[in-house]
Amino acid sequence: MYEVGDLVIIKRNNKINYTDLLKRASNSVGIVLESLVSSGMYLVHFPELETDLYFYSEELEPLVHTI
């Protein structure tokens with residue numbers, strides 16, 4: 001489960017039908033803007049693309065920083 005402000009990326013092995021916008025979003029980091037708990041969806045903002053998209057939790061994964 002994600003919270004507002006979490007950084008996420010789109011899972012690489014999901015079965016999303018990629019449009020051009022989703023292809024570009026899949027290479028970008030998104031910020032969770034809203035959690036719609038009842039539907040299991042999240043509104044994610046992609047600053048590089050200047051757009052917001054909805055995703056189910058299973059389509060996202062947390063951004064993990066490694067040193």
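## Surface, sheet and core of a 67-residue chain

The protein chain exposes about 4600 Å², and carbon and sulfur atoms supply 53% of that area. The model is predicted. Buried residues make up 33% of the 67 residues in the protein chain.

**Layout**

The protein chain holds one helix and five strands. Read along the sequence, they follow the pattern β-α-β-β-β-β. Contacts are counted here at a separation of 6 or more, and residues 24 or more positions apart account for 44% of them.

The five strands build an open sheet in the order β4-β3-β2-β1-β5, with antiparallel pairing. β4 and β5 (60–62) are the edge strands, and each pairs on one side only. From one strand to the next, the twist averages 45°. Strands of a sheet pair through backbone hydrogen bonds, either parallel or antiparallel.

At the β5 edge, three bridges join β1 to β5, and the two run antiparallel. Ile10 stands opposite Leu60 in β5.

**The β3–β4 hairpin**

Strand β3 (residues 41–46) pairs with β4 in the antiparallel sense over six bridges. Val44 stands opposite Leu53 in β4. The two strands form a hairpin with four residues between them.

Glu50 sits in the loop between β3 and β4. Its phi is near 55°, a positive value in a residue other than glycine. Most residues other than glycine have a negative phi. Is Glu50 buried or exposed? Glu50 has a relative accessible area of 71%, so it counts as exposed, the cut-off being over 50%.

Strand β4 spans residues 51–56 and has two faces. Thr51, Leu53 and Phe55 form the covered face. Asp52, Tyr54 and Tyr56 form the uncovered one.

**Aromatic pairs**

How many aromatic pairs are there? The count comes to two. A pair of aromatic rings is described by the distance of the centres and the angle of the planes.

| Ring pair | Centre distance | Plane angle | Geometry |
|---|---|---|---|
| Tyr2 and Tyr42 | 5.4 Å | 80° | edge-to-face |
| Phe46 and Phe55 | 6.1 Å | 75° | edge-to-face |

Why does the Tyr2 and Tyr42 pair tie together parts that are 40 residues apart in sequence? Tyr2 lies in the segment before β1 (7–10), while Tyr42 lies in strand β3. Tyr2 has a relative accessibility of 12%, so it counts as buried. Tyr42, at 4% relative accessibility, counts as buried too.

The planes of Phe46 and Phe55 stand at 75°, so this pair is edge-to-face, because an angle over 60 degrees meets that rule. Phe46 is buried, with a relative accessible area of 1%. Phe55 is buried as well, with a relative accessible area of 2%.

**The nonpolar core**

In soluble globular proteins, nonpolar side chains tend to be buried together. The largest nonpolar core here has 13 residues. Which of these residues touch the most other members? They are Val44, Phe46, Phe55 and Leu60. β1, α1, β3 and β4 each supply at least two residues of this core. The largest share, three residues, comes from β3.

Some core members have already appeared above. Phe46 and Phe55 form one of the aromatic pairs. Leu60, in β5, faces Ile10. Val44 faces Leu53 across the hairpin.

The contacts of Val44 can be listed once its neighbours within four places in sequence are left aside. Val44 is then in contact with Val8, Gly30, Ile31, Val32, Thr51, Asp52, Leu53, Phe55 and Leu60. Three of these names, Thr51, Leu53 and Phe55, make up the covered face of β4.

**The helix against β4**

Leu21 lies in helix α1 (residues 20–25). What does Leu21 contact, leaving aside its neighbours within four places in sequence? Leu21 is in contact with Leu49, Thr51 and Leu53. Thr51 and Leu53 belong to the covered face of β4. The C-alpha atoms of Leu21 and Leu53 are separated by 9.7 Å, and the two residues are 32 residues apart along the chain.

Is Leu21 buried, partly exposed or exposed? Leu21 has 26% relative accessibility, so it counts as partly exposed. The cut-off for buried is under 20%.

Technical notes
Residues numbered from 1 in each chain as written. Predicted model: local features only at pLDDT ≥ 70, side-chain atom pairs only at ≥ 80, totals over all residues. Heavy atoms only, no water. Buried < 20%, exposed > 50% of the residue type's maximum accessible area, 1.4 Å probe, protein only. Pairing = 2+ DSSP bridges. Phe/Tyr/Trp six-rings, centres within 6.5 Å; stacked < 30°, edge-to-face > 60°. Axes fitted to C-alpha atoms, helices over the stretch in contact; angles between N-to-C directions. Contact = heavy atoms within 4.5 Å. Core = buried A, V, L, I, M, F, W, Y, C linked by side-chain atoms within 4.5 Å. Areas by Shrake-Rupley, 256 points an atom, 1.4 Å probe, with all protein chains shown as cover.
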